[in-house]
Structure formats: C-alpha cells, structure tokens
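Subject: Structure handover

Hello,

Here is the structure you asked to have passed on, with the sequence alongside. Please have it open while you read the notes underneath.

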Amino acid sequence: MSGLEPDKPIEASCDPMQASPPLPASGFNTRAIDLGRIECLQILDEHGDIEEGLQPDIEDNELLRVHRAMLLSRAFDSRMLAMQRQGQMGTFAPNLGQEACMIGQVWPLGDEDWFSPSYRAFGAQIWRGWSMERLMTLWAGYHDGFPPPDDVKDLPFSIVIGSHVLPATGIAMAMRRAKDPHCMVVNFGDGAFSQGAITEAMNFAAVDQAPIVFVCENNGWAISTPLDKQAGNEVLAARGAGYGVHSIRVDGNDILAMMTAMKEACDRARRGEGPTLIEAITFRMSLHTTADDPTVYRDESLVEPWHNRCPIRRFELWLTRTNRLTTQDCDRIREECEQEVLDARAYFRKNATAKPREIFDHIYDTITPELESQRMDYLRRLDRKGVE
Ligand SMILES: Cc1ncc(C[n+]2csc(CCOP(=O)(O)OP(=O)(O)O)c2C)c(N)n1
Ligand SMILES: [Mg+2]
C-alpha cells in the first residue's frame, strides 16, 4: 500500500480478482478476460481491520470530517426518500451503501479543482459546498436548484448517462493547455460505461495526458440490468488500461482505499502525468430511483450480504476500535446530521414556492409556435382553476 506520498505508486494489497467480494448478481469473476494485471486496493476489510502496515497517513481530523460527511449523506438520503414518498420531491436517486465512493472521490479536491458528477452524487455535492436546501430544490424540480453555487467549481449533474464525460475531458484538456495545475474528477456508473462517448473520452484523455480522474462507480446494476448483461469483461478497469489510462480497481466500500487511490490519482493528474480510471466496486442497495421497484427484477437475497459490507459500519468499527471515536460519539453525530437535514428541509419548505406559470420558460430562448400554443392552453387552464 502506498500511503499518500506523491511519488510512490499504489501497490496491490490483494489479488485483483479477489479485491472485494464478487458482486452477487453477476459473479463478475466468471467471464473476466485477462488483459494484464490490474492493480487493486483494499485497506479496511469488511470486519473493520487494517492489515499491518497498510494504514494511510491521513490526519485524524480529516478522517472524522469524512466520517461525518458519510453520515450526513445517509441522513439526507433517507429523509429525501421519505419526502418523495410524501409528495414533496419530484424524484430522487438514493445512494445507500455508496457513501465511501461518494465522499472518497471528492475528498482530495480543492476549491480550484473541478467535479463533474452524475445524478447519484449528492453526498459529494454536499461535500463540495452545495447546500442541502439547494439540492432539495433541485430534486423537487425547481430551476433554481440546478446551477452550481457561485463559488463551487462543479458542473450540474448529468442525467443523460455518460453525456458529461466528454465535456469533462474537454475541460481537462483545456486545463493542460492553460497550464492550470489542478484536476478534474468525473464520475459515472457501470451502465454508463457502455456509452461509446466514455471510451472516446478516455482515449482523448490518454493521448492528451489530460489531468482527469475517471471514477466508474460499479454498483452492479444499471436500473434492472445486472453487470453480467452489460459487460463482456466484468473487470471494467481493464478498459482504461486498453486505452493507456492508468487504471485501478478499488474496494468502493472502503473509505480509506477510496481516499488513498483518489489522492494518488489527483496528484498524478496535477503533476501532468495524465489520467486515471478508478473502478470502485460497490453495490446499489436501494432503489435505482423513486420510480423504480427492484423487487420485480432482483432477488432480495443478493442485497443481504452487502449490509455487512456497509462502508459506514466498517469505518466506525475501525474508528471506535482505534479510539478515534466512541459509539456515543457516533450516535451524537448521527443526531446532529439528522438535525442539519431537518433544518434544510424547514428552509426548503419555507422558500421553495412553485410557479406553475413559469414551466415553459426555461426551454427555449425563443419559444416555438407549437409550444407557445400549448403554453397558452395551459395558462387558460390555470386561469379556469384559479391557480396563480
Ligand atoms: C442516454 C441515456 N440512456 C438511458 C437513460 C435511462 N437511464 C437512466 S439511469 C440508467 C442506468 C444507469 O446505470 P449506471 O450507469 O450503472 O448508474 P447507476 O444508476 O447504477 O448509478 C439508464 C439506462 C438515460 N438517462 N440516458
Ligand atoms: Mg450502476
């Protein structure tokens, strides 16, 4: 294991094929094609143990900041799900069980680095400086919630899967030309990785030695499609290697491995040594979105083993065993996070007011005749119903 010294490469701490328990849905070892050695990193195992000598050199206050961010992400997740079920959110994409991926991938970023997320990244967005009330506004469908806050160097999240990866690569290529010493992190899912645009982006990034880190959150599912119906070679990191992108598999439920691998990848990008692909192995424990019911296509027994692999549980086992926190501290922080989310909800409820008459306003600069006629019909309907 590397620690965090910039010049040391990550050494594999385990066999890539046994990096983390196989994704139950797909049994991803079965059809893996050997494209050479893909390094793999796990530091904190599922029992909360670290092998002698593998502990990264990360300050305690950073570890605690990250732990809190993971708890806040989870508190936000469950509250948003409840709010959607109560009719207060349009839709929502939960992130349960993927908190280590989420926070680990943005932990090494500074204010001048870029982040281009897909839609399941709210934990990372909160870390980056998006307020929770802004994210609530976004998921409730208000235009005001979508643009990044002025002082946050993020792109709005992408719902058209894979679409943001080429633009993110373009930004990184421009950064290299401008001698900007920072980096771009872009994340996408295992399903999105089937979009040709992503492999095109990787090829461009490798040829250009662009300062970008591609994070593929391999959570085993693309809505109802399991990984083995999506990928001929289930070692997705091998794709990056094929393009000449430094590629590594990381146990995505191990926050210490995610922080270590991301720090090293970001430092490599900032030093001008080109792109990295991090395949983070995790599992989508909850719904795809609130429009989805996984029980119709996925056996619940596949989810069961992942409860013990929970990234928060694992991290807390280690934090408490090493006397960095007590279980009472963990309970207290959970309560504080819950309260923060409730405060954000109160603010959202007070300030987000629907403006039904504006729903056609953000589509085109100059509205088309067809839409204008629909808009007029709609406005007459609101008038009839007495809606402001
Ligand atoms: C271009 C495009 N095609 C299809 C969809 C519908 N869609 C939304 S999410 C999704 C699956 C994405 O799976 P994955 O990339 O693994 O991300 P995850 O949802 O698991 O985080 C699909 C097919 C879309 N949003 N965009
Ligand atoms: Mg997926």
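The notes below go from the whole chain to the sheet, then to the metal site and a few single elements.

Overall picture

Please keep in mind that this is a predicted model. Its mean pLDDT is 90, and 91% of the residues reach at least 70. The weak part is residues 1-34, where the pLDDT is below 50. This stretch still has 96 contacts in the model beyond near neighbours in sequence. Where pLDDT is low, the predicted coordinates should not be read in detail.

The protein has 12 helices and 8 strands. Its radius of gyration is 21 Å, close to the 21 Å given by the globule rule for 388 residues, so the protein is as compact as a globular protein of that length. Along the principal axes, the C-alpha atoms fill a box of roughly 70 × 50 × 45 Å. Of the 388 residues, 52% are buried. Taking contacts between residues at least 6 apart in sequence, 75% of them join residues at least 24 apart.

The sheet

Six of the strands make an open sheet with parallel pairing, in the order E1-E7-E8-E4-E3-E2. Which strands stand at the edges? They are E1 (39-41) and E2 (114-116); each has a single partner strand, so one side of each is left without a neighbour in the sheet. On average, neighbouring strands are turned by 20 degrees against each other, direction ignored. Helix H5 (residues 165-177) packs on this sheet and touches E2, E3 (184-189) and E4 (212-218). The direction of H5 makes about 165 degrees with that of E3.

Starting from the E1 edge, E1 pairs with E7 (residues 246-251) in the parallel sense over 3 bridges. Within that pair, Cys40 has Arg249 of E7 as its bridge partner. E7 is in turn joined to E8 (residues 276-281) by 6 bridges, again parallel. Here Arg249 is partnered by Glu279 of E8. Arg249 can therefore be used as a marker when you trace the sheet across E7, with Cys40 as a bridge partner and Glu279 as another. Of the 6 residues of E7, 5 are buried, so this strand is largely enclosed by the rest of the structure.From the E2 edge, E2 and E3 run parallel and are joined by 3 bridges. Phe115 is matched there with Val185 of E3. Between E3 and E4 there are 6 bridges, also parallel, and Met184 has Ile212 of E4 as its bridge partner. E3 has 5 of its 6 residues buried, so it too is largely enclosed by the rest of the structure.

The magnesium site

What coordinates the magnesium ion (ligand 2)? The donors are Asp190 (OD), Asn219 (OD1) and Trp221 (O), at 2.1 to 2.2 Å. Their spacing in sequence is D-x28-N-x1-W. Asp190 and Trp221 link distant parts of the chain, being 31 residues apart. Asp190 is in the loop between E3 and helix H6 (196-208), whereas Trp221 belongs to strand E5 (residues 221-222). Both Asp190 and Trp221 are buried.

Two helices

Helix H2 (residues 99-106) is mostly covered, with 8 of its 8 residues buried. Among them are Glu99, Cys101 and Gln105.

In helix H1 (residues 60-85) I looked at Leu64. Is Leu64 buried or partly exposed? Its relative accessible area is 31%, and between 20% and 50% a residue is classed as partly exposed. Leaving aside neighbours within four places in sequence, Leu64 is in contact with Leu319, Arg324 and Leu325. Ser286 is 222 residues from Leu64 along the chain, and the C-alpha atoms of the two are separated by 26 Å.

Regards

Terms used. Residues are numbered from 1 along each chain as its sequence is written. Chains are lettered from A and ligands numbered from 1 in the order in which they are written. This is a predicted model: local features need pLDDT of at least 70, side-chain atom pairs count only at pLDDT 80 or more; totals for chains, interfaces and linings use all residues. Side-chain values use heavy atoms; hydrogens and water are left out. Two strands pair if DSSP finds at least two bridges between them. Helices (H or I, at least four residues) and strands (E, at least two) are DSSP runs, numbered from the N terminus. Axes are lines fitted to C-alpha atoms, for helices over the stretch in contact, and angles run from 0 to 180 degrees between N-to-C directions. Contact means heavy atoms within 4.5 Å. Donors are N, O and S atoms within 2.8 Å of the metal (3.2 Å for Na, K and Ca); water is not among the atoms, so sites may look incomplete. Buried means under 20% relative accessible area, exposed over 50%, partly exposed in between (1.4 Å probe, protein chains only). pLDDT is the predictor's confidence in each residue, from 0 to 100. The radius of gyration is taken over C-alpha atoms; the globule rule is 2.2 Å times the number of residues to the power 0.38.
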